[in-house]
Amino acid sequence: MKVRMELISDTIFGSGISVPGAEDIGVLFDRNGFPYLKGSTLRGILREEAENYAAWTGKGREWLESRFGRSGIHPGSGANCVTVTDFELPYEIRSLVMKENVRCEDIFTSERTFTKLENGMVEDGSLRTARCINKGFVFYGEVLCNEEDEKEIKEILSFVHWIGTMRTRGFGEVALSVVEAKEENC
């Protein structure tokens with residue numbers, strides 16, 4: 001099923017790379033410079049929510065592991081295995097930006113700086129910089145599962161409201177929705 005992800009707040013799809021003298025937290029960019037979310041990252045978040053779902057509904061660990069694999073172990077390719085593709089900006093936007101030959105970083109992201117406070121004072125050496133994807137952008141990807149699991153996976157998708165680095169600090173609020181057939185041109 002095709003899934004739409006709208007960024008409600010600035011979001012950091014972390015690259016795990018920092019640039020000395022520049023940013024401490026970087027955004028993940030594809031080879032053309034566009035920000036994107038790795039499918040494996042969203043799959044991990046879905047697995048966390050599926051754990052809660054399995055506990056709430058009494059589905060149990062066997063149900064969870066047959067769809068998402070065992071925790072900490074690379075998922076298998078079983079018949080019920082859930083797969084998630086990378087989430088990217090719509091083709092039309094990427095195509096237009098590439099024609100204009102502008103830096104994607106300047107269009108889609110901005111820098112934010114932070115400091116640590118100690119007793120109401122800025123702690124020396126605590127200045128950090130993060131690159132964030134600006135709120136309002138929409139990304140698309142796919143969540144693939146067996147047809148008989150679609151209803152449950154859609155419900156689990158509805159539990160996801162925060163994605164990315166610093167999601168516990170107000171970054172990464174998202175709205176996920178399944179794209180209906182009439183919208184599939186995105």
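## Largest pocket

The lining of the largest pocket has four nonpolar, three polar and four charged residues. This is a predicted model. The pocket holds about 170 Å³ of space.

Its nonpolar lining residues are Ile 25, Phe 114, Ala 130 and Met 166. The charged ones are Asp 24, Lys 116, Arg 128 and Arg 169. Thr 115, Ser 126 and Thr 129 are the polar ones. Strand 6, residues 128-133, gives the most to this lining, with three residues. Arg 128, Thr 129 and Ala 130 are the lining residues that fall in that range.

## Helix 3

Helix 3 spans residues 91-100, and Arg 94, Ser 95 and Val 97 are buried in it. Seen down the helix axis, these buried residues fall within an arc of 165°, so they line one face of helix 3. What covers them includes helix 4 (104-108).

The face turned away from the buried side carries the exposed residues Leu 96, Lys 99 and Glu 100. Asn 101 follows helix 3, and its phi is positive, near 55°.

## Cysteines

How many disulfides does the structure hold? It holds zero. Two cysteines deserve a look here. Cys 81 has a relative accessible area of 15%. Cys 145 has a relative accessibility of 18%. Buried means under 20%, so Cys 81 counts as buried, and so does Cys 145.

Terms used
Residues numbered from 1 in each chain as written. Predicted model: local features only at pLDDT ≥ 70, side-chain atom pairs only at ≥ 80, totals over all residues. Heavy atoms only, no water. Disulfide = S-S within 2.5 Å. Buried < 20%, exposed > 50% of the residue type's maximum accessible area, 1.4 Å probe, protein only. 1 Å grid on protein atoms, 1.4 Å probe; cavity = no way out; pocket = protein on both sides within 12 Å on 5 of 7 lines; lining within 4 Å. Points joined across faces, edges and corners; volume = space filled by probe spheres on them. Helix = DSSP H or I, 4+ residues; strand = E, 2+ residues; numbered from the N terminus. Arc of directions from axis to C-beta. Contact = heavy atoms within 4.5 Å.
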